[in-house]
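Here is a short briefing for a newcomer. Look over the chain first, then work through the points below.

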Amino acid sequence: MGRKKKKKNNGFKNIGLGALIATLGIFGYLNYVDGNIKLPTLDVLYKHRNETRIEEPIIPQETIQKPVETVKNYPKVKIFFIGHNNDKAVYRTVIRDNTTNTSNIEYAVRCLLQGPTKYEQSKGVYSEIPPTKLLSVVETPSKVIINVSDSFGCGGGADSLYKRMFQLIKTVNYNTEKPVYLQMNGKMVETLGGEGLMLKQPLNGSSLDD
């Protein structure tokens, strides 16, 4: 019985081998053209790749828009100078962007002491404040102390002293809600200039009232 089973298995193997040879023969016959073997192509893959590339938009160089630069909204400060209106002296305001890392009050006072720009001067704007150095600006949660050189109170008469003080007062009051105190060379100012102009602190609209 064992010998018969072995012959049966060999029969199946022969049948399978014959089928494989027949299949290869048919394939070779069908793909043998002009003496060359015709191999299967990858048309579907190539077509897919070509379609993908074609569908990718090609943007002309001149139509590419440049990135829009972000416009920064800098804090605004208002500085008070002096001008003329119908031959009368008036306070003229100048708006500037605070592009620095300092507070608005410090930047505004620094700009005030530096005086108007050439462009602003061409518009008839000037300052009664003489060349003065800003020595320090100390800010606390409850107040601001501005320390300037004593040249701030030098020169000019009473009218000039009033105008420069109001330039400073209006500037600081606009750019901070905290009380502001004025020092010259580290000392709190009580009188100003040779005229002995009395100054009430903190700085506000009534600081120069008698």
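In this predicted model, strand 3 and strand 4 form a hairpin with 2 residues between the strands. Asn86 in that hairpin takes a positive phi near 55 degrees. The points below start at this turn, then move to the core and the rest of the chain.

**The hairpin of strand 3 and strand 4**

- Strand 3 covers residues 76-85, and strand 4 covers residues 88-97. The two strands run antiparallel and are joined by 10 bridges.
- Phe81 has Arg92 of strand 4 standing opposite.
- Asn86 lies in the loop between strand 3 and strand 4. Its phi is positive although Asn86 is a residue other than glycine.
- Asp87 has its place in the loop between strand 3 and strand 4 too. Phi of Asp87 is near 65 degrees, again a positive value in a residue other than glycine.
- Why do these values deserve a look? Most residues other than glycine have a negative phi.
- Are the loop residues buried or exposed? Asn86 counts as exposed because its relative accessibility is 69%, over the 50% cut-off. Asp87 counts as exposed as well, at 79% relative accessibility.

**The largest nonpolar core**

- The largest nonpolar core holds 33 residues. Ile146, Phe152, Met165, Leu182 and Leu203 touch the most other members.
- Several elements each supply at least two residues of this core. They are strand 3, helix 3 (104-114), strand 5 (134-139), strand 6 (144-148), helix 5 (158-175) and strand 7.
- Which element gives the most to this core? Helix 3 does, with 7 residues.
- As background, nonpolar side chains tend to be buried together in soluble globular proteins.

**Helix 3**

- Helix 3 is mostly covered, with 8 of its 11 residues buried.
- The buried residues of helix 3 are Ile105, Glu106, Tyr107, Ala108, Val109, Cys111, Leu112 and Leu113.
- What do these buried residues pack against? Their partners are strand 3, strand 4, strand 5, strand 6 and helix 5.
- Gly115 follows helix 3. Its phi is positive, near 85 degrees.

**Met165 in helix 5**

- Met165 lies in helix 5.
- Met165 counts as buried because its relative accessibility is 0%, and the cut-off is under 20%.
- Which residues does Met165 touch, leaving aside neighbours within four places in sequence? The contacts are Phe152, Leu182, Leu192, Leu199, Leu203 and Leu208.
- Met165 and Ser207 are 42 residues apart along the chain. Their C-alpha atoms are separated by 9.2 Å.

**Gln183 in strand 7**

- Gln183 is found in strand 7, which spans residues 180-184.
- Gln183 has a relative accessible area of 16%, so it is buried.
- Residues up to four places away in sequence are not counted in its contacts. With those set aside, Gln183 touches Ile145, Ile146, Asn147, Val148, Met188 and Val189.

**A cis peptide bond**

- The peptide bond from Gln201 to Pro202 is cis. Its omega is near 5 degrees.
- Where is Pro202? Its place is in the segment after strand 10 (197-198).
- For context, most peptide bonds are trans.

**Charges and rings**

- Lys143 lies over the face of Tyr181, at 5.9 Å from the ring centre.
- Lys170 lies over the face of Tyr91, at 5.2 Å from the ring centre.
- How many aromatic pairs are there? The count comes to 0, with a pair requiring ring centres within 6.5 Å.

**The chain as a whole**

- The protein chain has 5 helices and 10 strands.
- Of its 210 residues, 28% count as buried.
- Consider the contacts with a separation of 6 or more. Residues 24 or more positions apart account for 55% of them.
- The protein chain exposes about 15,500 Å². Carbon and sulfur atoms supply 55% of that area.

Notes: Residues numbered from 1 in each chain as written. Predicted model: local features only at pLDDT ≥ 70, side-chain atom pairs only at ≥ 80, totals over all residues. Heavy atoms only, no water. Helix = DSSP H or I, 4+ residues; strand = E, 2+ residues; numbered from the N terminus. Buried < 20%, exposed > 50% of the residue type's maximum accessible area, 1.4 Å probe, protein only. Contact = heavy atoms within 4.5 Å. Areas by Shrake-Rupley, 256 points an atom, 1.4 Å probe, with all protein chains shown as cover. Pairing = 2+ DSSP bridges. Phe/Tyr/Trp six-rings, centres within 6.5 Å; stacked < 30°, edge-to-face > 60°. Lys NZ or Arg CZ within 6 Å of the ring centre and 35° of its normal. Core = buried A, V, L, I, M, F, W, Y, C linked by side-chain atoms within 4.5 Å.
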